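Dear colleague,

I am passing on the structure we spoke about, with the sequence alongside. Please look through it first; my notes on what was found in it follow underneath.

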Amino acid sequence: MTRKTKSKKHTILRVAFLAFTVYVVVSFTVMQMDIAKRKEELASVQNELKEQEYINSEITDILNSGENTEYIMRIAREKLGFAFPDEEVFVDPNRKE
């Protein structure tokens, strides 16, 4: 082989290696950014979970105490739509919730 063909092959290999290296660096950077974003989302969801667990424990304590029947009746009416058997419930169709 002549010296020019060896030099061309060598140059092509260098360019290919350089392109591969750039691809790996860019891919790694994109992955790191995605990981950081996912970690932020995870922290946010974990905070929401802690808040909801706290609210659930408070509601469970109230329900287990049995002392606050007015609270239980209010929640049953407002959130669950319950009513006493002899009670008539009127619904305002224009009311925004």
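The side chains of D34 and R38 form a salt bridge, with a nitrogen-to-oxygen distance of 3.5 Å, and the structure, which is a predicted model, holds 1 salt bridge in total. D34 and R38 lie 4 residues apart in helix α1, which covers residues 3-65, so about one helical turn separates them. As for its surroundings, D34 has a relative accessible area of 35% and is therefore partly exposed.

Turning to the fold as a whole, the secondary structure of the protein consists of 2 helices and 0 strands. The radius of gyration is 33 Å, whereas the globule rule gives 13 Å for 97 residues, so the protein is more spread out than a compact globule. Along the principal axes, the C-alpha atoms fill a box of roughly 105 × 35 × 20 Å. Of the 97 residues in the protein, 3% are buried, and the accessible surface comes to about 9,700 Å², with 61% of that area belonging to carbon and sulfur atoms.

The charges deserve a separate remark. The protein carries 15 positive and 16 negative charges, and the mean position of the positive charges is 35 Å from the mean position of the negative ones.

There is also a nonpolar patch on the surface, made by Y54, I55, I59, L63 and I72, with an area of about 430 Å². Helix α1 supplies the largest share of this patch, namely 4 residues. Y54, one of the patch residues, is located in helix α1, and it counts as exposed because its relative accessibility is 52%, where the cut-off for exposed is over 50%.

Which helix holds T60, and how far is its C-alpha atom from that of F84? T60 is placed in helix α1, and with a relative accessibility of 38% it counts as partly exposed. The C-alpha atoms of T60 and F84 are separated by 23 Å, the two residues being 24 positions apart along the chain.

To draw the main points together, this is a predicted model with 2 helices and 0 strands, in which D34 and R38 are joined by a salt bridge and a nonpolar surface patch of about 430 Å² includes Y54.

With best regards

Definitions and conventions. Residues numbered from 1 in each chain as written. Predicted model: local features only at pLDDT ≥ 70, side-chain atom pairs only at ≥ 80, totals over all residues. Heavy atoms only, no water. Salt bridge = Lys/Arg side-chain N within 4 Å of Asp/Glu carboxyl O. Buried < 20%, exposed > 50% of the residue type's maximum accessible area, 1.4 Å probe, protein only. Rg over C-alpha atoms; globule rule 2.2 N^0.38 Å. Areas by Shrake-Rupley, 256 points an atom, 1.4 Å probe, with all protein chains shown as cover. Lys, Arg positive; Asp, Glu negative; His and termini not counted. Charge placed at Lys NZ, Arg CZ, Asp CG, Glu CD. Patch = residues over 30% accessible without salt bridge, like charges linked within 9 Å, V, L, I, M, F, W, Y side chains within 5 Å.
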